[in-house]
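Here is a short set of exercises to work through with the model open beside you. Try each task before you read its solution.

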Amino acid sequence: MAGCVVVLAAGAGVVLERTTGLPWVDTAPAAETALFRPEPAPAPDWSPATGVLAAPADAGAAGEPEVGAVLAPTLGAAGLGGRVGVSVVNLATGDTSYEAAATDPHTPASTLKILTGAAALHALGPDHTFTTRVVGGPDPSAITLVGGGDPTLTADADGAGTRLADLAAATAQALTDAGVTTVTLSYDASLFSGPAVDPDWSPGYVPSVVSPTTALAADIQDRPADPPLDAADEFAELLSAQGIAVDGEPAEAVAPAGGAELAAVASAPLSTIVEDILTTSDNDGAEVLARHVALASGAAGTSADAGPAVVGALTDLGLDASGARLLDGSGLARGSAVPASLITQTLALAAGPDHPELRAVVTGLPVAAFTGTLADRFGDQSAAAGLVRAKTGTLTGVSALAGVVVAADGVGYAFAVLADDVGNTLEARAALDDVAAALAGCGCA
């Protein structure tokens with residue numbers, strides 16, 4: 001089947017059709033490449049499962065109706081409330097296909113993570129990694145664990161992310177080589193400054209939905225009360241398991257200037273981290289990335305600096321971010337306000353050919369009915385299933401959905417629907433899903 005991708009869900013291969021037209025898919029063969037072409041295999045004896053990602057029955061004839069007419073019935077749903085910002089952009093041309101209050105700032109909730117991810121990729125580069133180090137000082141038996149703002153650090157030896165166990169093993173080897181068998185351990189999380197808890201968050205968010213933002217944390221989504229101390233305690237245990245005794249409890253301290261590096265571990269590339277944050281709607285990871293954007297801009301790594309730094313990075317990309325007010329990196333701050341048009345502009349830039357460094361913003365979006373925060377949304381009979389990739393956003397009174405889709409007419413669209421006067425979250429969610437499904441089934445080109 002030409003132009004198809006395969007997504008693995010629950011161990012089964014599911015063919016997602018109609019990927020032709022995706023601006024990030026290169027369907028042309030590489031030039032001057034010798035291809036080995038085996039003899040064709042016998043035709044397989046199978047038939048496709050019925051009812052899986054069926055083409056929409058109401059796609060319509062090419063050229064009619066217009067996008068606005070297709071979306072109108074769903075955008076009029078009572079569940080979306082009285083304040084809705086909508087923007088739909090043709091990814092091939094960059095033209096606006098439909099908008100309503102698109103330039104009016106609305107509360108974005110977690111769709112703001114799209115902006116944070118794009119800003120981080122622009123400011124740092126998709127191949128950037130975050131390094132956690134252990135340094136020594138004048139006393140060879142005194143070592144300091146230094147956080148580098150890696151949101152994926154884990155103390156689980158088998159966990160996904162940057163393994164603290166690898167750092168402990170390398171540190172133990174360096175100490176053993178130096179003849180040191182007992183150490184005192186300090187920890188340094190000073191890369192970020194300012195309050196670890198964003199003052200613009202509702203007090204109940206910590207630790208239920210987000211942890212204090214720090215440059216040193218292991219398994220942050222386990223919600224430790226003191227993330228840097230918890231990481232240092234975990235590291236001390238891992239050192240002990242490697243035969244290095246730790247004398248006393250870890251203490252907070254700034255690493256000695258010019259201290260020799262004993263060992264270090266680096267994270268996965270930023271592009272991978274951005275994908276994971278968007279797929280799972282990782283609040284902690286998004287907050288860490290926003291602090292890194294602030295540092296990259298020359299500002300301090302505070303929550304107060306993070307939002308403006310993200311806006312600055314988007315502006316540097318040539319986007320009109322003049323209507324945006326960002327108070328954090330995750331979208332938990334209710335005072336943040338973003339025009340729907342800024343989100344679609346960002347998605348269009350990430351999907352287009354001029355900024356391949358931003359591609360993870362698109363590839364990290366959950367797939368409707370299959371992955372991440374959209375795994376339990378849309379049924380397999382929906383026109384959106386497998387075709388819409390989108391970031392969700394939910395706060396009390398706020399529901400949002402923003403992403404990309406190749407519609408039935410073969411046109412790629414970026415879309416954002418921000419509703420911040422919602423009375424019933426479940427009704428709003430269903431209404432947003434209907435909007436996305438309507439766009440996926442659009443025969444408007």
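**Exercise 1. The chain as a whole**

How many helices and how many strands does the secondary structure of the chain come to? Then find what share of the residues is buried.

Solution. This is a predicted model, so keep in mind that local features need a pLDDT of at least 70. Begin with the count: the chain has 11 helices and 17 strands. Next, take burial: of the 445 residues, 50% are buried. Finally, look at the contacts with a separation of 6 or more: 69% of them are between residues 24 or more positions apart.

**Exercise 2. Checking a helix**

Test whether the length of helix α9 agrees with its number of residues, then work out how enclosed α9 is.

Solution. Step one: α9 covers residues 340-351, which is 12 residues. Step two: at 1.5 Å a residue, taken over one less than the number of residues, the expected span is 16 Å. Step three: the end C-alpha atoms lie 17 Å apart, which agrees. For the second part, 9 of the 12 residues are buried, so α9 is largely enclosed by the rest of the structure. Among these buried residues are L342, I343 and L347, and you will meet these three again in the next exercise.

**Exercise 3. Inside the nonpolar core**

Which residues have the most contacts inside the largest nonpolar core? Trace which elements supply this core.

Solution. The largest core has 48 residues, and those with the most contacts inside it are I114, V310, L314, L342, I343 and L347. Elements that each supply at least two residues include the helices α2, α6, α7, α8, α9 and α10, along with strands β16 and β17. The most comes from α2, with 7 residues. Now zoom in on I114: beyond its neighbours within four places in sequence, I114 is in contact with residues including L278, I343, L347, V361 and A402. Apart from this core lies another, of 40 residues, with L80, V405, A436 and A438 among them.

**Exercise 4. Reading a sheet**

What is the strand order of the open sheet of 5 strands, and is its pairing parallel or antiparallel?

Solution. The order is β4-β3-β17-β16-β15, and the pairing is antiparallel. The edges are β4 (96-100) and β15 (388-395); each has a single partner strand, so one side of each is left without a neighbour in the sheet. From one strand to the next, the twist averages 5°. Within the sheet, β16 and β17 are joined by 8 bridges, and V404 stands opposite A414 in β17. Helix α1 (residues 67-75) packs on the sheet, where α1 touches β3, β4 and β17 and makes about 30° with the direction of β4.

**Exercise 5. Two local sites**

Is V362 buried or exposed? Compare its separation from G403 in sequence and in space, then describe the disulfide.

Solution. V362 sits in helix α10. Its relative accessibility is 0%, so V362 counts as buried. V362 and G403 are 41 residues apart in sequence, and their C-alpha atoms are 7.7 Å apart in space. As for the disulfide, the structure holds 1, and this bond joins C442 to C444 with an S to S distance of 1.5 Å. The torsion about the S-S bond of C442 and C444 is about -115°, so the disulfide is left-handed. Both C442 and C444 are buried.

Terms used: Residues are numbered from 1 along each chain as its sequence is written. This is a predicted model: local features need pLDDT of at least 70, side-chain atom pairs count only at pLDDT 80 or more; totals for chains, interfaces and linings use all residues. Side-chain values use heavy atoms; hydrogens and water are left out. A disulfide is a pair of cysteine sulfur atoms within 2.5 Å. Buried means under 20% relative accessible area, exposed over 50%, partly exposed in between (1.4 Å probe, protein chains only). Helices (H or I, at least four residues) and strands (E, at least two) are DSSP runs, numbered from the N terminus. A nonpolar core is a set of buried Ala, Val, Leu, Ile, Met, Phe, Trp, Tyr and Cys residues joined through side-chain atoms within 4.5 Å. Contact means heavy atoms within 4.5 Å. Two strands pair if DSSP finds at least two bridges between them. Axes are lines fitted to C-alpha atoms, for helices over the stretch in contact, and angles run from 0 to 180 degrees between N-to-C directions.
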